[in-house]
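Please look through the sequence and the structure shown below before reading on. The paragraphs after it go through the sheets, the helices and the loops in turn.

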Amino acid sequence: MSTIAVVTDSTACLTDDQRRESGVEVVPIHVIVDGRDYLDGVDISSAEVAAALSRYAAVSTSKPTPQQFLDAYTAAADRGAQSVLSVHLSSALSGTYDAARLAARDAPIPVKVVDSRTIAMG
(Lines give C-alpha, C1' and ligand atoms only; values in the text may rest on other atoms or scores of the structure.)
Protein backbone atom coordinates (compact mmCIF):
# COMPACT_ATOMS: atom_id res chain seq x y z
CA MET A 1 0.00 0.00 0.00
CA SER A 2 1.43 3.35 -0.99
CA THR A 3 1.76 6.33 1.30
CA ILE A 4 0.29 9.57 -0.02
CA ALA A 5 1.19 12.90 1.56
CA VAL A 6 -1.18 15.86 1.33
CA VAL A 7 0.13 19.40 0.81
CA THR A 8 -1.90 22.61 0.67
CA ASP A 9 -1.32 26.33 1.07
CA SER A 10 -2.23 28.52 4.02
CA THR A 11 -5.40 29.80 2.35
CA ALA A 12 -6.93 26.45 3.37
CA CYS A 13 -7.12 28.00 6.86
CA LEU A 14 -6.36 24.76 8.68
CA THR A 15 -5.95 25.14 12.43
CA ASP A 16 -2.82 23.88 14.17
CA ASP A 17 -4.87 20.99 15.57
CA GLN A 18 -6.19 20.07 12.13
CA ARG A 19 -2.68 20.10 10.68
CA ARG A 20 -1.30 17.95 13.50
CA GLU A 21 -4.16 15.45 13.43
CA SER A 22 -4.27 15.09 9.63
CA GLY A 23 -0.57 15.38 8.83
CA VAL A 24 -1.34 17.84 6.05
CA GLU A 25 1.70 19.96 5.17
CA VAL A 26 0.83 23.66 4.78
CA VAL A 27 2.96 25.91 2.59
CA PRO A 28 2.43 29.53 3.67
CA ILE A 29 1.54 32.28 1.24
CA HIS A 30 3.39 35.58 1.54
CA VAL A 31 1.64 38.51 3.20
CA ILE A 32 3.19 41.91 2.53
CA VAL A 33 2.40 44.61 5.09
CA ASP A 34 3.81 48.08 4.44
CA GLY A 35 6.43 46.56 2.15
CA ARG A 36 7.60 43.89 4.61
CA ASP A 37 7.20 40.23 3.62
CA TYR A 38 5.76 37.76 6.16
CA LEU A 39 4.84 34.09 5.89
CA ASP A 40 1.15 33.55 6.64
CA GLY A 41 0.68 31.67 9.91
CA VAL A 42 4.44 31.63 10.56
CA ASP A 43 5.59 35.24 10.87
CA ILE A 44 2.16 36.87 10.97
CA SER A 45 -1.26 35.77 12.25
CA SER A 46 -4.66 36.49 10.76
CA ALA A 47 -5.33 38.77 13.74
CA GLU A 48 -2.20 40.78 12.92
CA VAL A 49 -3.25 41.05 9.27
CA ALA A 50 -6.70 42.24 10.38
CA ALA A 51 -5.09 44.81 12.68
CA ALA A 52 -2.91 46.07 9.83
CA LEU A 53 -5.96 46.39 7.60
CA SER A 54 -7.88 48.26 10.30
CA ARG A 55 -5.09 50.84 10.56
CA TYR A 56 -5.14 51.16 6.74
CA ALA A 57 -1.68 49.68 6.23
CA ALA A 58 -0.76 48.60 2.73
CA VAL A 59 -1.50 44.85 2.71
CA SER A 60 -1.15 42.44 -0.20
CA THR A 61 -0.38 38.77 -0.75
CA SER A 62 1.90 36.78 -3.00
CA LYS A 63 2.10 33.12 -3.94
CA PRO A 64 4.61 30.78 -2.34
CA THR A 65 7.70 30.19 -4.44
CA PRO A 66 8.15 26.96 -6.39
CA GLN A 67 11.08 26.25 -4.07
CA GLN A 68 8.78 26.33 -1.03
CA PHE A 69 6.59 23.69 -2.67
CA LEU A 70 9.59 21.63 -3.76
CA ASP A 71 10.86 21.70 -0.16
CA ALA A 72 7.46 20.40 1.04
CA TYR A 73 7.41 17.64 -1.59
CA THR A 74 10.98 16.62 -0.78
CA ALA A 75 10.21 16.57 2.96
CA ALA A 76 7.21 14.32 2.27
CA ALA A 77 9.44 11.93 0.32
CA ASP A 78 12.02 12.00 3.13
CA ARG A 79 9.24 10.99 5.57
CA GLY A 80 8.42 7.97 3.41
CA ALA A 81 5.63 9.23 1.16
CA GLN A 82 5.53 7.61 -2.25
CA SER A 83 3.43 10.37 -3.81
CA VAL A 84 1.85 13.73 -3.00
CA LEU A 85 -1.63 15.19 -3.47
CA SER A 86 -1.18 18.97 -3.54
CA VAL A 87 -4.44 20.98 -3.32
CA HIS A 88 -4.39 24.76 -3.76
CA LEU A 89 -6.12 28.10 -4.02
CA SER A 90 -8.04 28.76 -7.22
CA SER A 91 -5.76 29.34 -10.21
CA ALA A 92 -8.20 32.06 -11.33
CA LEU A 93 -7.24 34.10 -8.26
CA SER A 94 -3.58 33.34 -7.65
CA GLY A 95 -0.39 31.94 -9.13
CA THR A 96 -0.14 29.46 -6.24
CA TYR A 97 -1.37 26.54 -8.34
CA ASP A 98 1.17 27.32 -11.08
CA ALA A 99 4.02 27.55 -8.55
CA ALA A 100 3.04 24.12 -7.19
CA ARG A 101 2.92 22.69 -10.73
CA LEU A 102 6.40 24.02 -11.47
CA ALA A 103 7.75 22.44 -8.31
CA ALA A 104 6.03 19.13 -9.03
CA ARG A 105 8.17 18.70 -12.15
CA ASP A 106 11.31 18.54 -10.00
CA ALA A 107 9.89 16.59 -7.06
CA PRO A 108 11.58 13.32 -6.12
CA ILE A 109 8.19 11.53 -6.08
CA PRO A 110 5.04 11.87 -8.22
CA VAL A 111 2.91 14.91 -7.34
CA LYS A 112 -0.70 15.48 -8.43
CA VAL A 113 -1.51 19.20 -8.19
CA VAL A 114 -5.20 20.07 -7.86
CA ASP A 115 -6.84 23.44 -8.42
CA SER A 116 -9.49 23.64 -5.68
CA ARG A 117 -11.30 26.47 -7.52
CA THR A 118 -11.99 27.96 -4.10
CA ILE A 119 -10.48 30.70 -1.95
CA ALA A 120 -10.48 28.90 1.41
CA MET A 121 -11.20 25.58 3.05
CA GLY A 122 -14.61 24.24 2.05
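**Strands, helices and two loop residues**

In strand β2, the residue that serves as the bridge partner of D9 is V27. The model in which this pair is found is a predicted one, and the pair is a convenient place to enter it, since β1 and β2 pair in the parallel sense over three bridges. The link between these two strands is helical: β1, helix α1 (residues 16-22) and β2 make up a β-α-β unit, and that unit is right-handed.

On the way from β1 to α1 the chain passes through a loop, and C13 is found there. The phi angle of C13 is near 60°, which is a positive value in a residue other than glycine.

Strand β1, which covers residues 4-9, also pairs with β6, in the parallel sense and over five bridges. Two pairs of residues may help in tracing this pairing on the model: V6 stands opposite L85 in β6, and the bridge partner of V7 in β6 is S86. Strand β6 (residues 83-88) in turn pairs with strand β7 (residues 111-115), again in the parallel sense and over five bridges. Within that pairing, V84 has V111 as its bridge partner in β7. Between β6 and β7 the chain crosses through α4, and this β-α-β crossover is right-handed.

Taken together, these strands form an open sheet of four strands, in the order β2-β1-β6-β7 and with parallel pairing. Because β2 (25-27) and β7 stand at the edges and have a single partner strand each, one side of each is left without a neighbour in the sheet. Neighbouring strands of this sheet are turned against each other by 25° on average, with direction ignored. As a general point, the strands of a sheet pair through backbone hydrogen bonds, and they do so either parallel or antiparallel.

The antiparallel case is found in another part of the model, where an open sheet of three strands has the order β4-β3-β5. Here β4 (36-39) and β5 (59-62) stand at the edges, each with a single partner strand, and therefore one side of each is left without a neighbour in the sheet. The average turn between neighbouring strands of this sheet is 30°, direction ignored. Strand β3 (residues 30-33) is joined to β5 by four bridges, and the two run antiparallel; a residue pair to look for is H30, which stands opposite S62 in β5.

Between β3 and β4 there is a loop, and this is the place of D34. The phi angle of D34 is near 50°, a positive value in a residue other than glycine.

Which strands does α3 lie across? Helix α3 lies across β1, β2, β6 and β7, and it runs at about 145° to β6. Helix α4, for its part, lies across β1, β6 and β7, running at about 170° to β7.

How these two helices stand to one another can be considered next. Two packed helices are described by the angle between their axes and by the distance between the axes. For helix α3 (residues 66-78) and helix α4 (residues 96-106), the axes come within 8 Å and cross at roughly 50°. With that angle, α3 is oblique to α4, and α3 passes α4 in a right-handed crossing.

Which residues of α3 meet those of α4? From α3 they are P66, F69, L70 and Y73, and they meet T96, A99, A100, L102, A103, A104 and D106 in α4. Sorted by class, the contact of α3 with α4 has nine nonpolar residues, one polar residue and one charged residue.

To return to the model as a whole, a four-stranded open sheet with parallel pairing can thus be viewed beside a three-stranded open sheet with antiparallel pairing, with α3 lying across β1, β2, β6 and β7 and α4 lying across β1, β6 and β7.

Terms used: Residues numbered from 1 in each chain as written. Predicted model: local features only at pLDDT ≥ 70, side-chain atom pairs only at ≥ 80, totals over all residues. Heavy atoms only, no water. Pairing = 2+ DSSP bridges. Axes fitted to C-alpha atoms, helices over the stretch in contact; angles between N-to-C directions. Parallel < 35°, antiparallel > 145°, perpendicular 65-115°, else oblique. Left-handed = near helix turned anticlockwise from the far one by under 90°. Contact = heavy atoms within 4.5 Å. Nonpolar A, V, L, I, M, F, W, Y, C, P; charged D, E, K, R; others polar. Right-handed = clockwise from strand over helix to strand, strands pointing away.
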